[in-house]
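Biologist: Could you take me through one part of this model up close? I'd like to see how its strands sit side by side, and I'm happy to go slowly.

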Amino acid sequence: MKRFSVPLLLIILLLTLMGLAWFEIIDIYIQTIILFMGINIITSTSLNLVNGNMGEFSCGHAGFIAVGAYVSSLLSVALFTKSKTFGAPLLPPELAAYGFPLVLIAGGLAAALTGLLVALPSFRTRDDYLAIITIAANYIIISTIINIDQIGGARGFMGMKRVIFAMEQCAEIPWMILWVFLFMVLSIIIIRRYMSSTYGKGVEAIRQDEVAAEIMSVNTNRIKLVTFMISSGLAGIAGGLYAHTVGYVNPKSFDLLKSTEALVMVYLGGMGSISGSIIAAIVFTLLLELLRPLQIIKWVAIPLLLIIIMQFRPEGIMGNRELGDIFPRLKKFYKFK
Amino acid sequence: MTLLEIKDLTQLFSGLCAVSELNLNIEERELVGLIGPNGAGKTTVFNLASGFYQPTYGAILFQGRNLAGLKPHQVSALGIARTFQNIRLWKEMSVLDNILVAQHFNLGYGLGGLFFRTPRYLKRESEIRHKAHELLEIFKIDNVAEEKPGNLPYGMQRKVEIVRALSSGPRLLLLDEPAAGLQSADVTELIALIQWVFDQFDLSIWMIEHQMKVVMSLCSRIAVIDFGKLIASGTPTEIQQNPAVIKAYLGDDQL
């Protein structure tokens with residue numbers, strides 16, 4: 001029973017959400033917010049891997065989200081739809097539903113490779129340099145996109161809604177809820193499995209004492225690269241999901257503000273805590289929507305929130321603990337690996 | 001047989017000569033001491049032997065293999081483990097996890113195995129865990145396996161650090177001032193522990209120590225360095241009577 005409680009709960013949650021959307025009990029607006037929650041969970045948990053578990057300071061997460069968003073959007077539009085940029089679909093549009101996860105993973109891989117390119121030079125230096133290099137990388141990625149006119153440049157790129165329509169030709173279900181949910185669960189499983197293995201514990205060791213880790217046979221350079229690549233790869237998947245949820249991408253939506261949002265979620269949730277990052281992503285997404293009427297003042301309120309967290313609860317909502325550590329009784333009911 | 005061979009080892013730090021033309025051998029199954037006044041370059045020698053620094057000149061051969069160009073984690077995988085003068089356990093991880101991470105040199109699975117939880121991965125993880133538990137039991141510290149090292153008394157932390165170093169199955173164990181900061185009762189216990197480790201495990205131990213009680217009662221041979229140079233080497237009694245050593249520690253009465 002213990003082993004099946006979490007999968008069962010997740011399936012019930014997924015079916016409920018899809019059912020609510022299917023019967024139009026929740027409108028498109030609420031659906032979008034729920035999708036954003038899922039996407040933000042991927043964003044925050046993946047950034048947490050580098051900033052929380054490894055103790056490095058990456059500030060350019062949105063850059064990798066942008067790479068994933070653009071690569072998967074370009075691929076899916078070129079493969080499954082008729083567009084001005086690419087002409088006729090390369091594959092029959094009926095395949096969209098099956099091809100979409102592969103396209104997302106391709107976006108993730110592209111982001112992971114970009115992550116490798118950023119990490120290779122920056123992990124040779126120490127401490128604050130990664131923060132500076134990742135900010136620079138974020139800007140480089142955005143300016144590169146702006147300057148490629150074929151993919152829309154500063155105007156952005158659209159046509160992903162047609163990919164969704166193509167999927168709906170296959171079966172008329174709320175596809176995005178399904179994909180966001182599946183990939184969210186997948187990325188949590190990836191992070192969880194990584195961090196609970198002896199290999200992943202090397203990441204914690206690096207944060208606490210890198211010299212000791214290296215001396216005790218941990219290949220610190222390689223493990224840092226691998227961790228950074230996993231983190232940026234998952235960010236790329238989040239980007240692909242975001243692009244297909246919104247239906248168009250614009251380089252402006254992946255600037256430092258987006259990176260800051262990811263940072264706020266990580267610090268709000270607690271460094272190194274997966275459940276903390278999940279809770280923070282949900283809370284933060286809701287907060288963003290609630291504060292929407294404030295318009296530009298929102299960007300006064302949210303940094304203020306960050307300052308308040310740092311002042312009164314610097315360890316975040318969960319500290320570095322997981323749900324099971326705070327409520328030990330919960331462990332009786334589930335077993336989640 | 002010679003386990004570690006140090007040949008003409010020289011280390012310059014932007015002009016400062018920390019170690020100069022050091023020649024020293026450590027044999028198999030030998031317990032050797034390395035002593036010398038403060039700043040003599042003892043820890044530098046250890047840092048060189050564990051791959052943390054690359055020697056300016058000279059070579060270090062471990063089981064006949066030159067360590068030049070190897071990273072510390074590669075040196076550690078070859079079979080040299082060490083402890084630190086100021087204990088460097090990972091303080092926010094449990095004692096068990098500390099032991100686990102030290103087995104990184106021989107995980108025996110890749111990332112694919114990790115994410116898909118292949119039978120090989122599960123088997124290796126349980127073997128690694130089993131080995132760590134076994135080690136903790138041998139040293140009778142399995143009761144603190146889930147504790148964080150930061151919450152343990154200082155003497156216990158020293159012990160955990162030695163166990164962590166041993167968990168990689170080293171052929172040579174470098175102990176950097178194991179008795180530093182210990183009370184005298186704990187020092188007696190530490191001497192017994194080191195002797196026990198030396199008897200039980202098939203390895204050589206090389207240690208830096210300031211407390212003569214520890215060095216004299218444990219080591220079969222002692223090397224003395226001063227200003228990065230080897231000034232004497234021999235049995236504890238020989239060292240105690242060596243005029244060069246007395247001069248290095250107490251100064252020259254001709255002044």
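Modeller: Start at B:Ile6, whose bridge partner in S4(B) is B:Ile60. This is a predicted model, so keep in mind that you're looking at computed positions. That pair of isoleucines belongs to a longer match-up: strand S1 (residues 2-13) and strand S4 (residues 57-62) of chain B pair in the antiparallel sense, with 5 bridges between them. Zoom out a bit and you'll find an open sheet of 4 strands in chain B, ordered S2-S1-S4-S5, again with antiparallel pairing. At its edges are strand S2 (16-27) and strand S5 (65-66) of chain B, each pairing on one side only.

Now hop along chain B to strand S7 (residues 172-176), where the pairing is parallel. On one hand, S7(B) pairs in the parallel sense with strand S6 (residues 80-82) of chain B over 3 bridges. On the other, S7(B) is joined to strand S8 (residues 204-208) of chain B by 5 bridges, and these two run parallel as well. B:Leu173 is a handy landmark here: its bridge partner is B:Ala81, and B:Leu173 also stands opposite B:Ile205 in S8(B).

How covered is S7(B)? Mostly: 5 of its 5 residues are buried. Follow the side chains and you'll see B:Leu172, B:Leu174 and B:Asp176 pointing one way, while B:Leu173 and B:Leu175 point the other way, and all of them are buried. Finally, trace the path from S7(B) through helix H7 (residues 184-200) of chain B to S8(B): together they make a right-handed β-α-β unit.

Definitions and conventions
Residues numbered from 1 in each chain as written. Chains lettered and ligands numbered in written order. Predicted model: local features only at pLDDT ≥ 70, side-chain atom pairs only at ≥ 80, totals over all residues. Heavy atoms only, no water. Buried < 20%, exposed > 50% of the residue type's maximum accessible area, 1.4 Å probe, protein only. Pairing = 2+ DSSP bridges. Right-handed = clockwise from strand over helix to strand, strands pointing away.
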